[in-house]
Amino acid sequence: MTLKTLTAALLLAAVAPLAAAAAGDGEALARDNCAGCHALERPDYQALGHGERATRKGPPLYYAGNKFRAEWLEAWLQKPERLRPAGVFPPAAVTSGPDGDVVDPTALVEHPALDANEARLVSEYLMTLRPHDDLIAAVTYQPGTIAQRMGELNFTKFNGCDACHQDAPGYGGFSGPELYTAWQRLQPAFIAAVIADPAAWDPNTLMPNAGLNEAAVGRLANYLKLIGEKQP
Amino acid sequence: MNLATSMTAAVTLVLTLALPVAAEPQQGKALYDIYCTQCHGVNGDGKGVNVPAMSVQPRNHTDRGEMSARTDEELFKAIKHGGKSINKSVLMPAWGGNLSDDDIDALVSYLRELCCGNGG
């Protein structure tokens, strides 16, 4: 065995266990860095009651693999931008002002940024968390088109989504996540399923069930597609 | 029955009746803070953080006159089935998919305390 071959063999021996460990690294990284604010396992909602919602520092991630688009998740973790104008639990960041309630920016917590390797490992792990494959499988929604004006009417006048959600920067409420990038970050089937029955995903969600039929859910999902695809 | 026995019986009765009633508005307040303040305001005055985006002002729950004009049944219906169910705004959503009937009863009880200072 030449020195060169020996070096190569030693290198291979050193690298192989690291590569094997890497598959589990995402989980370890998530447990060490994400679990403090995000539920990586389903909370015992029945025992905790609605009060659980008030204790959240981040959205639950135990169904991340049924929710997010993998490529968006990996990119966002490296360059996180605020999705919820009033934070994860709005009452915790809202104060009463002379003209009504306002968001107190000092009460909002910034999400830490991960480096490219960490973001890949963590998003790969999170995408394996899919306890709600059944809810996704039950979705009949097929992405389609809707005219801007009709989409807007569905989002505002017909269903009142804009009371809590923004469909363009600065247009809409503050307490829900902004929805002009929803299509980029969420799986289409998740969008349809969560509009149809939000509490099936999260018993303590602040998103109400509007009792919409499949066609009405489809119109809203198609509107999110329309506005989302216009985003950079 | 002597005086002491009847007093004890009366106190026990009052406590038995009073405790669940007293607990309801407290549970109602916790639910109100989580679900309702985003639109109805942290003080219940209809000036929630979402209001600048809304075409219809949410109900001011501290307004005794406005709230007295609504029955408990109407309040329950509006919370469970949404504003449309009582010919009010679609911006008031139906919370029946999120809250149980007991939760909504507790909210109605708290609304009465908020508007009118009584426990239900």
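# Exercises on a predicted two-chain model

In this predicted model, chain A has a mean pLDDT of 92, and 90% of its residues reach 70 or more. Within chain A, however, the pLDDT is below 50 over residues 6–21, a stretch that has one contact in the model beyond near neighbours in sequence.

**Exercise 1.** Work out which parts of chain B call for caution in reading and which helix carries the highest confidence.

*Solution.* Begin with the chain as a whole: chain B averages a pLDDT of 85, and 78% of its residues score at least 70. Next, go through the helices, where confidence in chain B is lowest in α1(B), residues 3–40, at a mean of 68, and highest in α3(B), at 97. Then look at residues 10–22 of chain B, over which the pLDDT stays under 50 and for which the model has three contacts beyond four places in sequence. Where pLDDT is low, the predicted coordinates should not be read in detail. For the model as a whole, the scores are ipTM 0.87 and pTM 0.86.

**Exercise 2.** Determine how α5(A) and α6(A) are oriented to each other, and which residues make their contact.

*Solution.* Take the geometry as the starting point: the axes of α5(A), residues 70–78, and α6(A), residues 116–126, come within 8 Å and cross at roughly 140 degrees. Angles over 145 degrees would count as roughly antiparallel, and those from 65 to 115 as roughly perpendicular, so α5(A) and α6(A) are oblique to each other. The crossing of these two helices, α5(A) and α6(A), is right-handed. On the side of α5(A), the contact is made by A70(A), L73(A), E74(A), L77(A) and Q78(A), while α6(A) contributes A116(A), A119(A), R120(A), V122(A), S123(A) and L126(A). Sorted by character, the residues of this contact comprise seven nonpolar, two polar and two charged.

**Exercise 3.** Carry out the corresponding analysis for α3(B) and α4(B), ending with the character of the contact residues.

*Solution.* Helix α3(B), residues 72–81, packs on helix α4(B), residues 101–116, at an angle of about 125 degrees, with the axes 10 Å apart. The pair α3(B) and α4(B) is therefore oblique, and α3(B) passes α4(B) in a right-handed crossing. From α3(B), the residues in contact are D72(B), L75(B), F76(B), I79(B) and K80(B), and from α4(B) they are I104(B), L107(B), V108(B) and L111(B). These contact residues divide into seven nonpolar, no polar and two charged.

**Exercise 4.** Describe how β1(A) and β2(A) are joined, both by pairing and along the chain.

*Solution.* Consider the pairing, in which four bridges join β1(A), residues 94–97, to β2(A), residues 100–103, with the strands running antiparallel. Within this pair, S96(A) stands opposite D101(A) in β2(A). Along the chain, a hairpin of two residues leads from β1(A) to β2(A).

**Exercise 5.** How many residues does each chain bring to the contact between chains A and B, and what is the character of those on the chain B side?

*Solution.* Count by chain: the contact takes 29 residues from chain A and 25 residues from chain B. On the side of chain B that touches chain A, the residues divide into 15 nonpolar, eight polar and two charged.

Definitions and conventions: Residues numbered from 1 in each chain as written. Chains lettered and ligands numbered in written order. Predicted model: local features only at pLDDT ≥ 70, side-chain atom pairs only at ≥ 80, totals over all residues. pLDDT = per-residue confidence, 0-100. Contact = placed C-beta atoms within 7 Å. Pairing = 2+ DSSP bridges. Nonpolar A, V, L, I, M, F, W, Y, C, P; charged D, E, K, R; others polar. Axes fitted to C-alpha atoms, helices over the stretch in contact; angles between N-to-C directions. Parallel < 35°, antiparallel > 145°, perpendicular 65-115°, else oblique. Left-handed = near helix turned anticlockwise from the far one by under 90°.
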